[in-house]
Amino acid sequence: SHLMNSSKNEVEHAYVFGEHSGVCGVKWQGSGSLRRGQQVGGKLNYTIKFDKAFEAVPGWGVQSKYVLKSYVNDFTHARDVVCARQWGRIVKSRGAEHPFYSLPNAGAIDGFPVLVVFNGQYHGLFSFNIPKDEWMFGFTGAAENENFIAAERGDACKFKAPALLDESDFTIEYFNGTDTDSLKERFNLIHERLAACASREDLYNQVGEVIDIESAIDYMIFSALTSGHDGIQRNYLMVAPAGNYWYMSAYDMDMVYGNHYTGTSYYSAKTCSFALLASLSALFDKIMTYDRETLTARYWEIRNDLMDEDTV
């Protein structure tokens, strides 16, 4: 019956998971992974809403919504979770005052392997993950205008054009408010100020008023070190704990460390350079142009400690 599911409509299932049992709502999750899963015999991703809340991993908190990831293009089933943990280390190195410091992996996903059975038939190895959901960032609805959006495609995701936030460029994943026009206006201040940025002072005093430059520097370095091709122009998250101040955050990292989107070949690590990143993103270009010194210093800090070979 799972094959009659969809990404929009939940299907109700009975479940058994460890000590827990009951009824859950299940629907397909993802876009590219959904297409790939259908091509390899129906091993798809699923979002699950359980009828009771429980803490799947100490530190995650008591939750009722989780995700089953199939990782059909990554036979290791390790890239996404491993890199999420690396991203969390990078963010937490910014200090305890960071708004995501106390979250699991500082707002990135986490997960662990499980075996899945549908209707008595073994369906394969999956990863039981934190979902792309408000609880991923500790959002409770207590702060007005806390929100996050996901990059999908197009020039707006490169900060080379204003965003529509209508799923043609970014998808609004969570917004604790009603005025999406105001949300769009606040987010597009990033593009507006990047377009006018002509100095290091502009980068930090103008652009830096609406986006956390440190998070952009970290994400640029993280993308280069992991060869994160799939997260440069799409698949990253923009997160605003409240108002119009945004942070970049990592998401959907099954195509890192050279993994091709089909899982059948590898990219060279040389192809994901700072020069490529700067050519694809106006934000990264301004960082390269006006503060290469800080970018370089942070690169070696991450490369020699937070993401040296032993750590990875």
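**Figure 1. N105, a buried loop residue of the predicted model.** In this predicted model, N105 counts as buried because its relative accessible area is 11%, and a residue is called buried when that value is under 20%. N105 lies in the loop that runs between helix α2, residues 79-92, and strand β5, residues 111-118. The backbone of N105 also deserves a look, since N105 is not a glycine and yet has a positive phi of about 55 degrees.

**Figure 2. Y257, a partly exposed loop residue.** Y257 is found in the loop between strand β10, which covers residues 247-249, and helix α7, which covers residues 274-280. With a relative accessibility of 30%, Y257 is classed as partly exposed, because this class holds the values between the limit for buried, under 20%, and the limit for exposed, over 50%. Y257 is a residue other than glycine, and its phi is positive, near 50 degrees.

**Figure 3. T171 and its surroundings in strand β8.** T171 has its place in strand β8, which comprises residues 170-175. The relative accessible area of T171 is 12%, and therefore T171 is counted as buried. When residues up to four places away in sequence are left aside, T171 touches F148, I149, A150 and E152. With E152, the side chain of T171 makes a polar contact, side chain to side chain, at 2.8 Å.

**Figure 4. The whole protein chain, as a setting for the close-up views.** The secondary structure of the protein chain consists of 9 helices and 10 strands, and its C-alpha trace spans about 60 × 45 × 35 Å along the principal axes. For 312 residues, a compact globule would be expected to have a radius of gyration near 20 Å, and the 19 Å of the protein chain agrees with this. Of these 312 residues, 53% are buried. Among the contacts with a separation of 6 or more, 61% join residues that stand 24 or more positions apart in the protein chain.

**Figure 5. Surface and charges of the protein chain.** The protein chain exposes about 14100 Å², and carbon and sulfur atoms supply 50% of this area. The protein chain carries 28 positive and 40 negative charges, and the mean position of the positive charges is 6 Å apart from that of the negative charges.

Conventions: Residues numbered from 1 in each chain as written. Predicted model: local features only at pLDDT ≥ 70, side-chain atom pairs only at ≥ 80, totals over all residues. Heavy atoms only, no water. Helix = DSSP H or I, 4+ residues; strand = E, 2+ residues; numbered from the N terminus. Buried < 20%, exposed > 50% of the residue type's maximum accessible area, 1.4 Å probe, protein only. Polar contact = N/O pair within 3.5 Å; in protein donor to acceptor, adjacent residues only side chain to side chain. Contact = heavy atoms within 4.5 Å. Rg over C-alpha atoms; globule rule 2.2 N^0.38 Å. Areas by Shrake-Rupley, 256 points an atom, 1.4 Å probe, with all protein chains shown as cover. Lys, Arg positive; Asp, Glu negative; His and termini not counted. Charge placed at Lys NZ, Arg CZ, Asp CG, Glu CD.
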